[in-house]
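Here are three short exercises to try with the sequence and the 3D view side by side. Have a go at each task before you read its solution.

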Amino acid sequence: DTPLRTLASADGRQIGVAVADNRLTGSTAYSSLVSGQFNSVTAENAMKWDAVEPSQGNLNWAAADRLVAFARANGQVVRGHTLAWHSQVPGWITNGGFGAAQLRTLLQQHIATEAGRYAGKVYAWDVVNEAFNDNGTRRSSIWQDNLGDGWIADSLTWAHQADPAAKLYINDYSIEGVNAKSTALYDLVKSLKQQGVPIDGIGFQAHLVLGQVPSDLKANLQRFADLGVDVAITELDVRMQTPSNATTLASQAEDYRKVITACRAVARCVGVTVWGLDDADSWVPGVFSGYGAATLYDENLQAKPAWAAVAAAF
Ligand code: XIL
């Protein structure tokens with residue numbers, strides 16, 4: 001079978017996967033699929049702040065460097081994930097008793113350090129992750145609560161200074177259809193563009209539930225593209241109640257097909273990344289109780305019907 005990356009490349013698009021560092025180092029079957037099937041990689045956890053700076057000033061780049069080197073060796077682009085997020089912030093920050101001015105400096109230094117380290121080696125950064133609530137208001141977080149609304153524009157500006165070549169993204173979930181959350185983000189992007197803030201793309205995570213691909217996914221991607229930014233599906237998975245069966249796996253394949261097709265219908269949709277190579281590694285069962293089977297490969301690294309649907313959709 002033709003690898004997904006061959007099909008996507010022929011279409012000028014990225015097909016990516018979130019990579020677990022322990023699997024990349026521990027399983028040649030895993031790493032062969034990552035290199036053979038995908039032309040883009042995202043670190044599932046290795047580039048998050050808690051991973052790269054577990055205690056203040058103690059920088060640990062081993063796993064992140066490993067993925068960047070792997071990508072380079074295999075002709076893949078890297079999506080950097082993520083610089084400013086409310087989650088997986090190291091405990092020394094959340095429990096550090098810092099004031100607002102100190103937090104702002106810490107965030108600025110973190111972005112400068114990490115984006116600077118990988119300058120020229122990362123295709124895109126998810127600079128800002130998950131900044132909104134479902135109703136379109138800003139999500140309360142250590143950054144929002146202490147730095148105010150400007151933390152998003154500031155983070156993008158700092159990232160641009162550190163790596164002028166990287167595409168700078170805002171990334172979020174439940175923004176795949178037109179709704180209050182995606183519209184709030186749409187309004188923000190419009191305003192950032194008007195102010196000349198560096199914003200190059202919007203990442204639509206797309207942690208979807210079986211049978212619930214929004215019917216307006218393509219139209220929503222297009223309205224963002226029409227603002228003059230790239231769009232990407234950055235964390236696709238389609239979860240179902242487990243165990244799966246032939247019927248649910250077939251409808252999952254149809255959901256994956258719909259997402260690829262929507263991306264391909266939008267000129268500025270650069271590609272689709274799936275969140276985890278296989279069902280054994282997926283974050284889904286640990287977070288959504290009773291759900292799983294969300295990725296393209298089963299627990300034994302066998303391609304599922306969704307894999308064939310993605311191949312056919314390219
Ligand atoms: C998840 C990882 O998959 C898990 O291994 C980790 O324990 C928690 O984070 N949105 C994001 C990703 O932007 O970074 C999250 O990844 C999944 C939801």
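**Exercise 1.** Find the residue that UniProt lists for "active site", and decide whether it is buried or exposed.

*Solution.* Step 1: the unreviewed UniProt entry lists Glu235 under "active site". Keep in mind that the model you are viewing is predicted. Step 2: locate Glu235 in strand 8, which spans residues 230-241. Step 3: count its surroundings. A residue is called buried if 20 or more other C-beta atoms lie within 10 Å of its own. Glu235 has 28, so Glu235 is buried. Step 4: look at its contacts further off in sequence, beyond four places: Ala18, Gln205, Ala206, His207, Thr273 and Trp275.

**Exercise 2.** Which residues lie around the ligand, and how do they divide into nonpolar, polar and charged?

*Solution.* Step 1: pick out Glu44, Asn45, Asn129, Gln205, Glu235 and Trp283 around the ligand. Step 2: sort this shell, and you get one nonpolar, three polar and two charged residues.

**Exercise 3.** Where on helix 3 are the buried residues, and what covers them?

*Solution.* Step 1: in helix 3 (residues 28-37), mark the buried residues Tyr30, Leu33, Val34 and Gln37. Step 2: these four cover an arc of only 100 degrees around the axis, so they sit on the same side of helix 3. Step 3: turn to the face pointing away from that buried side, where you meet the exposed residues Thr28, Ser32 and Gly36. Step 4: find the cover over the buried residues, which includes helix 1 (4-10), strand 1 (14-19), helix 2 (21-26) and strand 2 (40-43).

Terms used
Residues numbered from 1 in each chain as written. Predicted model: local features only at pLDDT ≥ 70, side-chain atom pairs only at ≥ 80, totals over all residues. Near = placed C-beta within 6 Å. Nonpolar A, V, L, I, M, F, W, Y, C, P; charged D, E, K, R; others polar. UniProt positions renumbered as here; feature names shortened; annotations may be inferred. Helix = DSSP H or I, 4+ residues; strand = E, 2+ residues; numbered from the N terminus. Buried ≥ 20, exposed ≤ 12 C-beta atoms within 10 Å, placed from the backbone. Contact = placed C-beta atoms within 7 Å. Arc of directions from axis to C-beta.
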